[in-house]
Amino acid sequence: MKQRVVQLAAAISLALVASAAMAKTNDADVTRATLDNGLRVVIVRDALAPVITTEMNYLAGSDEVPAAFPGTAHAVEHMMFRGSPGLSKDQLAAIAANMGGAFNADTTQGVTQYYFVAPSQDLDVALHVQSLRMRGVDMDEAAWAKERGAIEQEVSRDLSNPAYKFYEQLQAQLFEGTPYAHSALGTRASFEKTTAAMLKSFHDTWYAPNNAILVIAGDVDPAATLAKVKSEFGDIGRGTLPARPAFAFKPVQAKTITLPTDSPYGSVYLGYRMPGTQSKDYAAGLVLGSALASQRAALFGMGMDGTALFGTFGANLMPQAGFGMAVGIFPKGGNPQPVLAKMQSILAEAAAKGIDPALVKAAKRKAIAELEFKKNSVDGLANAWSQALAFQGLDSPDAMKQAIEAVTPAAVNALAKATFDPAHAVTAILTPESSGKPVAGKGFGGAESFASSPDKPVTLPAWAEQAFAKLEVPRSTLKPVSYTLSNGITLIVQPESISDTVEVFGKIKTNQDLQAAKGEEGVADVLDGLFPFGTASLNRLQLQQALDAISAQESAGSSFSLSVPAAHFADGIVLLADNELHPALPARAFAVVQHQMAGIVAGQLQSPGFLTELGLEKALLPANDPELRHATPQGVSALTLDKVKGYYAQAFRPDMTTIVIVGKVDPAQARQVVEQAFGGWKATGAKPDVDYAAVPPNKSGQFNVPDASASQDSVQMSQTIDVTRNDPARYALYLGDQVLGGGFYASRLYHDLRDTRGLVYNVGTKFDLDKHRGTYTVSFGSDPDKVTAASAIVVQDLKQMQRAPVSDSDLKRAKGILLRQIPLGESSFRAIGGQLLSLTMEGKPLNAMTIAGQHYLKLGAKDVQQAYAKHIRPDAFVTAVKGPAPKG
């Protein structure tokens, strides 16, 4: 389960929360109905891939919770995964895992969503599960006691994030006296007072069909799907809904919040209350925020002239109200006041003089174009309709397009004047503070003994057992066309006609650790920071203006991308190629980026996150391994522009480059356009080796990294393994990983660490396999006093994988998960592009996923046991604990 909140720590990635909408959908593709019991149903056909998304939107969230119990809706969301009459917790977990996709939920102020993303063949299963959960949920005190331990770990995790602490204070100040004054997360204190009976009452009151909207998107037969929905939900009785809470917003009182942060950089925020998603001024607010966040606007310009490391404008909008924030990033040890003063000046000018009409026009054009891009993902399409109906109170997503078109510069300026009043601003400054150096681990209080969890097969209901009975490799819908251009570029084109757009994904295979000269660590980062400054023929503002004119988004560097309407594909490619092949690399910009990068690196070297990663690498890798290289402030400051240009000349090669194009384009035309734009790019000399060499097995060890801002430990248990990305043994390891750590709800680690003991909120496993080396990592978050128990269980479960073959039911479920994930990897342009790009860069065939599926079908439980026994060393982990300083 996840709670949908703004992660303010990732300030650099903040962007305006754009309307989750799309361009007009053909009426033939949309089926609507309202059942007699009030359930509203929207079915949107999308044949991009054999995948469906179902989203059940209950119009109740943290707004409707009882006084003094802010996390009630969130707790109910958690308990919905504990089973329902006719479907036990274990059966629900097994079903969700078998489907192989996403099965999750999120709680917001006014809406709680439950969603499946799964192969189309599992639509009936998804609908039946949603129906059972609407009818009732198992909420006894014993189950709540277990789930309370997990949800309290989630609270600890979020409260370990200084940006989340700021988020809570910001809400309290902006929305005092309303339900928005508290987040949907809840508190440990309120959960301790919460009873299962209270949670069941909330469910039975608000989870009624006449308080829900069901959205289904994907490769479905609309008529047959609607008939199934009526069969599943039609006999559920209407509910009597209580009155909704009232919202009486008070004038915001100015306030300044100061907090320490474990981030390698500092953040300055200027927050203001803005219109909510159901306000008549919402579209104007969206355009206003987009214009302020433009790369041609002054906030972004702070990062280009050296005032700040980065600047932008972002927003988080709820139905009744929301907030917008100007964001400025400053280096560790830097002075935030000049950044704050500049931000205040920019917003004061926006309020007094209005927004440049050209930026308003570009923002409107961009917002409307983004509506069409929503079609490029099955779950994005479902989200678009859910947002429009449940969050925005609109009849369809197309209504937002009409609202955006109607926005005038005068309306934007009036909203800016009303919003950016310094008397109603909430200011926050998050300042980086060092927590201390890593210390050798003292262990976790001694070894403890834990009995193995029962490994009993789950007996599925007949309707689910039948759905998952047959295992087969799914048919891929991809038909990519591959070219090698005259200069060595590999071009892959996957035509798709679901929208009138094209998305381009590119990567140059480079490795700074192996290609940069000694003492020039950080040169690649400085180079990437220079691409936004324009080209040899277009300065940064002219380049962005040209992109805005065709409603395109572009980024250049060692990884590059382009999103553009199909009608402007050729123009977009020309601009991308100009930026990639002829970057301006101006001396003045180099000085700015170099200074910024030195400041960022200085903060990174002292941040708990970096110290944890570096500590792991030093423990896992031999001394002087190139992967241990990292930038220093002194090294970055010693770089020259000529050295940056020299690195660009030798590392950026067409014969090391792959470009993948997905969208409404003819492959032959795409080849011609790319050849013309990129054909003049030539490589000289032999191809460099950019893959790390093999390393010997690591020795076990552990260490602690103090994090003064954390209340929860973040634990990583890592080891090197002798398996690489092309080793056939990887198939058995991946299959076993689904049993141990995949499928989330049905995995052994989830069961043993969270479900039965409440030791962690989340636990994950990861194989990271390169050409010549590999690592295996288990990670989890836990209260400090629970790390001992959780770590011991991880080792115990791994040894069990080596001692005995997994059960037939676990093996079958793991195979089903991996097989069903194949079509899910084709359910969006981004997923398609990323998959084809990765496969090509790794030298694998483009049908590698189908080949993998064939391997999974053939593997047996003994194969998995032998792979874990041969390649995993449970007693050889290096354990890194980042969190509160160890006591004693």
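Here is a walk through one sheet and a few helices of this structure, which is a predicted model.

Let's start with the sheet. It is open and has six strands, and if you read across it the order is 15-16-20-17-19-18, with mixed pairing. At the edges sit strand 15 (481-484) and strand 18 (553-555), each of which pairs on one side only. On average, neighbouring strands here are turned by 15 degrees against each other, if you ignore direction.

Now zoom in on two strands of that sheet. Strand 16 (residues 490-495) and strand 20 (residues 657-663) run parallel and are joined by six bridges. If you want a spot to look for, find I492, whose bridge partner in strand 20 is V660.

Next, look at which helices meet these strands. Helix 30 (residues 829-841) packs on the sheet and touches strand 16, strand 17 and strand 20. Its direction makes about 30 degrees with that of strand 17. Helix 12 (residues 357-373) lies across strand 17 (501-508), strand 18 and strand 19 (559-565), and runs at about 85 degrees to strand 17.

Finally, let's turn to a pair of helices. Two packed helices are described by the angle between their axes and the distance between the axes. For helix 10 (residues 298-305) and helix 11 (residues 336-353), the axes come within 10 Å and cross at roughly 150 degrees. The crossing of helix 10 and helix 11 is right-handed. So who meets whom? From helix 10 come A298, L299 and M302, and from helix 11 come V339, K342, M343 and I346. Sorted by class, this contact has six nonpolar residues, one charged residue and no polar ones.

Note on methods: Residues are numbered from 1 along each chain as its sequence is written. This is a predicted model: local features need pLDDT of at least 70, side-chain atom pairs count only at pLDDT 80 or more; totals for chains, interfaces and linings use all residues. Side-chain values use heavy atoms; hydrogens and water are left out. Two strands pair if DSSP finds at least two bridges between them. Helices (H or I, at least four residues) and strands (E, at least two) are DSSP runs, numbered from the N terminus. Axes are lines fitted to C-alpha atoms, for helices over the stretch in contact, and angles run from 0 to 180 degrees between N-to-C directions. Contact means heavy atoms within 4.5 Å. A crossing is left-handed if the near helix is turned anticlockwise from the far one by less than a right angle, and right-handed if clockwise. Ala, Val, Leu, Ile, Met, Phe, Trp, Tyr, Cys and Pro count as nonpolar, Asp, Glu, Lys and Arg as charged, and the others, Gly among them, as polar.
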